[in-house]
Amino acid sequence: MTEKSKSEENNGNKNDGDFRTSIGGQALIEGIMMLGPKKQAVAVRTPGGIVTKTEELRLLREKHPILGKPFIRGVVNFGGSMTRGVRALMYSANMSAPEPGGSVESGSGEEPKSEPDGANAFVVAIAAVVGIALSVGLFMLLPTFLAGFAARFTDSRILRNLTEGALRIVIFVAYIALTSRVPDMRRVWQYHGAEHKTIFCYERGLELTVENVRDMPRRHPRCGTSFMFLVMLVSILVFSVVQWSGVLTRMALRILLLPVVVGIS
């Protein structure tokens, strides 16, 4: 990826040397996953050096075109991103801390022979479901439950919905702030910033060297964390449309309307 992408040549936007891509990424444990339109690559720092793994993407929307339609594709992409992210995260955890007596060749550019089997694939699926459940519980259901206490002070449903939205954002920001104080998680956030810098460098058509990447901005407008803020803002609007009494009923509605919120976002 040291040469300028053909996307740059075909885009026609030569004003500042930048061009748009569909390249994304995710921080891992001692590594980074980079995601393109057709392929996914993972690089992990191991005791023996940096190990890379590249694989073709199998997109459901290519086999089932209806899954690529607006609104539907948002939900499908979200689920696919969660699954791929968990798989890459587990892979990086295994590679960055190999079993005693094991070894990882440096710079081989090939994935070690420990390819996940069916059982591991099942674990990945369970982990993805648990991850989604924890996210929904922490950032969706908990704010709804806490906002239920606002009914003791006001009868305004608009005010209660705004309170719920504010609590959701506060919890999310507090989560990021607290996790960034944990040394291991802070290390992951640093890889997250490195991923942003790398994408900026690639989009500007520069050679992917440490020197070039180091000078790039750390905050990228297409960051998934920014997307989470967008989801929360959209949720305030969507949840305000559907009014229902009772905390448990509102929590159930939040879960049912979550695909709508993600699809719109």
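A pocket, on a 1 Å grid over the protein atoms alone, is an open set of points with protein on both sides within 12 Å along at least five of seven lines, while a cavity is a set of points where a 1.4 Å probe fits but cannot get out; lining residues have an atom within 4 Å of a point. Grid points are joined across faces, edges and corners, and a volume is the space filled by probe spheres set on the points. The model looked at here is a predicted one, in which local features need pLDDT of at least 70 and side-chain atom pairs count only at pLDDT 80 or more, whereas totals for chains, interfaces and linings use all residues. Residues are numbered from 1 along each chain as its sequence is written, and side-chain values use heavy atoms, with hydrogens and water left out.

The chain has 9 helices and 4 strands (helices are DSSP runs of H or I, at least four residues, and strands are runs of E, at least two, numbered from the N terminus). Along the sequence these elements follow the pattern α-β-β-β-β-α-α-α-α-α-α-α-α. Of the 265 residues, 32% count as buried (buried means under 20% relative accessible area, exposed over 50%, and partly exposed in between, with a 1.4 Å probe and protein chains only). As for contacts (heavy atoms within 4.5 Å), 59% of those between residues at least 6 apart in sequence join residues at least 24 apart.

How sure is the predictor? The mean pLDDT of the chain (the predictor's confidence in each residue, from 0 to 100) is 76, and 78% of the residues reach 70 or more. Among the elements, helix α7 (residues 210-214) has the highest mean pLDDT, 90, and helix α1 (residues 6-11) the lowest, 37. The pLDDT is below 50 over residues 1-15, a stretch with 14 contacts in the model beyond near neighbours in sequence. It is also below 50 over residues 101-117, where the model shows 21 contacts beyond near neighbours in sequence. Where pLDDT is low, the predicted coordinates should not be read in detail.

Now for the open space. The second largest pocket has a volume of about 1,400 Å³. Its lining takes in 38 residues, and Ile32, Tyr191, Ala194, Glu195 and Thr198 lie nearest the centre. Two or more lining residues come from each of β2 (31-35), β3 (39-46), β4 (49-56), α6 (183-203), α7 and α8 (224-241). Helix α6 gives the largest share, 12 residues. By class, the lining has 16 nonpolar, 13 polar and 9 charged residues (nonpolar covers Ala, Val, Leu, Ile, Met, Phe, Trp, Tyr, Cys and Pro, charged covers Asp, Glu, Lys and Arg, and the others, Gly among them, are polar).

There is enclosed space too, with 2 cavities of 30 Å³ or more in the structure. The second largest cavity holds about 30 Å³. Around this cavity sit Asn161, Glu164, Gly165, Arg168, Ser235, Ile236, Phe239, Ser240 and Arg254. Helices α5 and α8 are the elements that give two or more residues to this lining. The classes here come to 2 nonpolar, 4 polar and 3 charged residues.

Arg168, one of those lining residues, lies in helix α5 (residues 157-179). Is Arg168 buried or exposed? At a relative accessible area of 1%, Arg168 is buried. The Arg168 side chain reaches the backbone oxygen of Met140 at 3.3 Å, a polar contact (a pair of N or O atoms within 3.5 Å; within protein, one must be able to donate a hydrogen and the other to accept it, and residues adjacent in sequence count only if both atoms are side-chain atoms). Beyond four places in sequence, Arg168 is in contact with Phe139, Met140, Pro143, Thr144, Met232, Ser235 and Phe239.

Thr144, in helix α4, is buried at 0% relative accessible area. A polar atom of the Thr144 side chain lies 2.9 Å from the backbone oxygen of Met140. The contacts of Thr144 beyond four places in sequence are with Glu164, Arg168, Val247, Arg250, Met251 and Arg254.

A few other spots round off the picture. Glu30 sits in the loop between β1 (24-28) and β2; its phi is near 55°, a positive value in a residue other than glycine. Glu30 is partly exposed, with a relative accessible area of 22%. Gly224, in helix α8, is partly exposed at 42%. The C-alpha atoms of Gly224 and Gly24 are separated by 9.2 Å, although these positions lie 200 residues apart along the chain.
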